[in-house]
Amino acid sequence: MKLPKCWSCSYEFKWAEVLFFFDGKIKCPECREKQYITTQSRWRTGVLSSLVMGGPLFPIIFIFNTPLSIFLPALVILFLINMAVQPAVLEFTDTKQPVV
Ligand SMILES: [Zn+2]
């Protein structure tokens, strides 16, 4: 999996370091520079989330009329998958960029 790099020193972040990413709250462990997510990769994470979460959920809820006992664990699993793949599309920059 390709992981995001520091915009300043090209340090490659570890998966766990960007798992709980908060804009500007994450600092490079090498050079201590703040990392902001780029507008482009913000869009990519949004699209990815809706594909991973929304794609399977729609048929689960509306077509198969799945009972809550299956739906809830499925939701948790999808959420974890979503978290797991997010770092792969993140890109960092030195300045806070607009959301759109
Ligand atoms: Zn750095």
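**Briefing: a three-stranded sheet and helix α2**

Strand β1 and strand β2, the latter covering residues 34–37, are joined in the antiparallel sense through 2 bridges. The model described here is a predicted one. The points below treat the sheet, then helix α2, and then one residue of that helix, Gln-40.

**The sheet**
- An open sheet is built from 3 strands, arranged in the order β1-β2-β3 with antiparallel pairing.
- Its edges are formed by β1 (26–27) and β3 (92–93), each of which pairs on one side only.
- Where β1 meets β2, Lys-27 is found opposite Lys-34, a residue of β2.

**Helix α2**
- Helix α2 runs over residues 39–63 and contains 25 residues.
- From the first C-alpha to the last, α2 reaches 35 Å, which is close to the 36 Å expected at 1.5 Å a residue.
- The helix nevertheless shows a bend of about 30° at Gly-54, and the proline Pro-56 follows within four residues.
- Just after α2, Asn-65 adopts a positive phi of about 50°.

**Gln-40**
- Gln-40 is one of the residues of helix α2.
- Gln-40 counts as exposed because it has 11 C-beta neighbours inside 10 Å, and the cut-off for that class is 12 or fewer.
- Along the chain, Gln-40 and Gln-97 are 57 residues apart, while their C-alpha atoms are separated by 9.5 Å.

Key: Residues numbered from 1 in each chain as written. Predicted model: local features only at pLDDT ≥ 70, side-chain atom pairs only at ≥ 80, totals over all residues. Expected span 1.5 Å × (residues − 1). Bend = angle between axes of the 7 residues up to and from the residue. Buried ≥ 20, exposed ≤ 12 C-beta atoms within 10 Å, placed from the backbone. Pairing = 2+ DSSP bridges.
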